[in-house]
Amino acid sequence: MNKTIADIAQMAGVSKSTVSRFLNGGSVSLDTKRKIEKVVKATGYVPNTFAQSLKAKRTNIIGTVVPRLDSFATSHTLMGIDEELRSQHYQMLISNTSQDVKREIEAIYEFARQKISGIILLAAQITDDHLTAIRDISIPVLLVGQQHEQIHSLIHDDYRAGYDIGAYVLSQGHREIAYVGVTERDVAVGVQRKEGFRQAVRDALPAACYTDEEMRAAGYDIRYYETGFKMSDARIAASTILDQFKPSLMVCATDNIALGVINAAYSKGITIPSDLSVTGFGGYDITEVIHPALTTVQYPYMEAGRVAAQNIVRLVEHKTVEPVTVMDYSLIERESVDKR
């Protein structure tokens, strides 16, 4: 059975308040310190830091609100957060909301009731309810993956990444392209990546091309579609797209979508990349080991997590943090894109 502070106090022959003061770095005599250390070592006692924090004016716990746990991006970001927080003697508490905005708001208030020092919020969108909750709790909040002018934010450079992937596929000679995105409620993935890609296409077009008809007359047929984040949703969407349109390339807003597209293509006897080229965003580990390996934008999720942890600790400790921190990325050219 786990020992309590009362047990340690009784075994060491001191009061509970003395043990508590010792565990919190307070002043105790050398003789008392040695007694308590001896009992702690003999029993293997581990302090309940969460319970200690609830009694403190300021905790050493950072709450992290995530939309889903079954995501490469989320899991690697969390690993980076956890490593950095531990190195700075903070602990992480996770609330998974299963992509439910109402549960995100509830998690923010619940963390405040638990006297969390700060909150890292991985949200797909920021609503007025989010802003109200953040104002109400008066606790430092850092937004990761999205940007908002009222909240300190850490983002990936999605617009520029979208532009670079667009410029790259056009440089490979592709002109019949399906862009498979997600809901625009997710500004980073659903809007910024698509708008970056769209701008790359605009910059490649002759100046007089404005309408779809004018683009096609110039030899460009670019079509935009939307699907969900799950690979299974993307597989269904891709199957429908390929029945209606015969693109030479599909640009996918995430690696999961790209994997769904590849699966749908193979089920139709379409060979990657000779019949259809595919690109993604994310840089998930699996994209390097599948065949053909996926051309993608690789985001430094673990490093982003580490930087997010550094920023929230600085905010908690009332130090200066830039309103927006922008992470870099790498365009990884692999085997899934053929030259036309």
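This passage looks at one sheet and at the largest pocket in a predicted model.

Let's start with the sheet. Six strands make it up, and reading across gives the order S7-S6-S8-S9-S10-S12; the sheet is open and its pairing is mixed. Strands of a sheet pair through backbone hydrogen bonds, either parallel or antiparallel. At the edges sit strand S7 (221–226) and strand S12 (330–332), each of which has a pairing partner on one side only. On average, and ignoring direction, neighbouring strands here are turned by 15 degrees against each other.

Now for one end of that order. Strand S10 (residues 295–298) pairs with S12 in the antiparallel sense, and the two share 3 bridges. One pair to look for in the structure is Thr-296 with its bridge partner Ile-332 in S12. The sheet also has a helix packed on it: H12 (residues 255–267), which touches strand S6 (176–181), strand S8 (249–252), strand S9 (277–282) and S10. The direction of H12 makes about 155 degrees with that of S9.

Next comes the pocket. Rolling a probe the size of a water molecule over the atoms shows where empty space is left. The largest pocket holds about 560 Å³ of space. Its lining counts 29 residues, with Ser-71, Ala-73, Thr-74, Asp-186 and Val-189 lying nearest the centre. Two or more lining residues come from each of helix H5 (72–87), helix H9 (187–204), S9 and helix H14 (301–316). H5 gives the largest share, 4 residues. Sorted by class, the lining of this pocket has 14 nonpolar, 10 polar and 5 charged residues. Strand S9 links the two parts of this account, as a strand of the sheet and as a contributor to the pocket lining.

Notes: Residues numbered from 1 in each chain as written. Predicted model: local features only at pLDDT ≥ 70, side-chain atom pairs only at ≥ 80, totals over all residues. Heavy atoms only, no water. Pairing = 2+ DSSP bridges. Axes fitted to C-alpha atoms, helices over the stretch in contact; angles between N-to-C directions. Contact = heavy atoms within 4.5 Å. 1 Å grid on protein atoms, 1.4 Å probe; cavity = no way out; pocket = protein on both sides within 12 Å on 5 of 7 lines; lining within 4 Å. Points joined across faces, edges and corners; volume = space filled by probe spheres on them. Nonpolar A, V, L, I, M, F, W, Y, C, P; charged D, E, K, R; others polar.
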